[in-house]
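Biologist: Can we go through this one together? I'd like to hear the reasoning behind the labels, not just the labels.

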Amino acid sequence: MTSLQQGPAVDLYLDVMAKMLTRYGFEGRNSTVSFPDRSFESYLWNLVRMNTKGRDIRVVEAGGFDAERREVGRDWPADAETMVGLKRLANVRQVLESVIADDVPGDFIETGAWRGGTCIYARAILAAHGVTDRTVWVADSFEGLPAPDGRFEADAGDQHHTKIELAISVEMVQDNFRRYDLLDDQVKFLKGWFSDTLPTAPVEQIAVLRLDGDMYASTMDALIPLYDKVPAGGYIIVDDYGAVKACAKAIHDFRDERGITDEIHEIDWAGVYWRKS
Ligand SMILES: C[S@@+](CC[C@H](N)C(=O)[O-])C[C@H]1O[C@@H](n2cnc3c(N)ncnc32)[C@H](O)[C@@H]1O
């Protein structure tokens, strides 16, 4: 059993990590531009990307840093390791500290990691509290989202798979962990589509399950194999509940089917969580 470390050093480290990982207050001069789906600009931009394959080329808009947006993860930062914003990182800290304090067994897993920032923060929280017996699992295709495969009507027409900005290689994510001296054997990567990797993933128990795969299928493909690995007292966080209707539908379909009535708590405009009873 590990007890929570208290004191200003822990708060200072975790606060500065959250600010760095979101570039809160740092990334004042630019944010990545994305064009509306099927627009002429998006067609042109994809053409440019195809012809510069393998190079990290972006359209970046010079502009003022918007603290309010970054706080609640409303923009896609050009350089930050996470897009979830400060509030949702604070929620990760709150629930991880809660399972440590209450001795709820299990690991942290995020299904949908992008540049890895939320998982890096989870690893930093474990490090700050001297926790050595919990792993951070980073599950992602590292190739972006899958195209809708026809299994779920709720995903019909979903365009997330066209967003090449969401395809971040596992090597880049590992480099991001290394940048903060947090890549070690308490971090494990599950590379591939959730439907392939999660049913057989060697994860025994999950104290915090963080779903961030945007689509109905990606939410279900994580919940179905992983939910029963969360013990009573563990947490389920849903990053896209308020942002993607199909994701909220997956959550309600799953909860209805399983008779789950644990109260859903709001984190910000997008994220919610519940604690398993
Ligand atoms: C919105 S991003 C995650 C943001 C991230 N949690 C952060 O802290 O910024 C969604 C991620 O989910 C991954 N993803 C979505 N559906 C997936 C699936 N079915 N299988 C594997 N990866 C998936 C994408 O590759 C992408 O990296």
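Biologist: What makes α5 a mostly covered helix?

Modeller: Keep in mind that this is a predicted model. A residue is called buried if 20 or more other C-beta atoms lie within 10 Å of its own, and eleven of the twelve residues in α5 are buried. Among them are G117, T118, Y121, R123, I125 and A128.

Biologist: How do you know that the span of α5 is close to the expected one?

Modeller: The expected span is 1.5 Å times one less than the number of residues. For the twelve residues of α5 that gives 16 Å, and the helix reaches 16 Å from its first C-alpha to its last. After α5 comes G130, with a positive phi near 65°.

Biologist: Which residues make the contact between α4 and α5?

Modeller: First the geometry: the axes of α4 (residues 85–101) and α5 (residues 117–128) come within 10 Å and cross at roughly 35°. The crossing is right-handed. From α4 you get L89, V92, R93 and L96, and from α5 you get T118, Y121, A122 and I125. By class, that contact has six nonpolar residues, one polar and one charged.

Biologist: Staying in α4, why is V99 called buried?

Modeller: V99 has 23 C-beta neighbours inside 10 Å. The cut-off is 20 or more, so V99 counts as buried. Leaving aside neighbours within four places in sequence, V99 is in contact with V104, A207, V208, G233 and G234. V99 and Y235 are 136 residues apart in sequence, yet their C-alpha atoms are 8.4 Å apart in space.

Biologist: And R23, in the loop between α1 and β1: why is that one called buried?

Modeller: R23 has 20 other C-beta atoms within 10 Å. Buried asks for 20 or more, so R23 qualifies. Its phi is also positive, near 55°, in a residue other than glycine.

Biologist: What about F142, buried or exposed?

Modeller: Buried, because F142 has 20 other C-beta atoms within 10 Å. F142 sits in the loop between β4 and α6, and its phi is positive too, about 60°, although it is not a glycine.

Biologist: Last one: what makes up the shell around the ligand?

Modeller: The ligand is surrounded by 23 residues, and the closest are T82, G112, W114, S141 and S218. Helices α5 and α8 each supply at least two residues of the shell. By class, it has ten nonpolar, eight polar and five charged residues.

Technical notes. Residues numbered from 1 in each chain as written. Predicted model: local features only at pLDDT ≥ 70, side-chain atom pairs only at ≥ 80, totals over all residues. Axes fitted to C-alpha atoms, helices over the stretch in contact; angles between N-to-C directions. Helix = DSSP H or I, 4+ residues; strand = E, 2+ residues; numbered from the N terminus. Left-handed = near helix turned anticlockwise from the far one by under 90°. Contact = placed C-beta atoms within 7 Å. Nonpolar A, V, L, I, M, F, W, Y, C, P; charged D, E, K, R; others polar. Near = placed C-beta within 6 Å.
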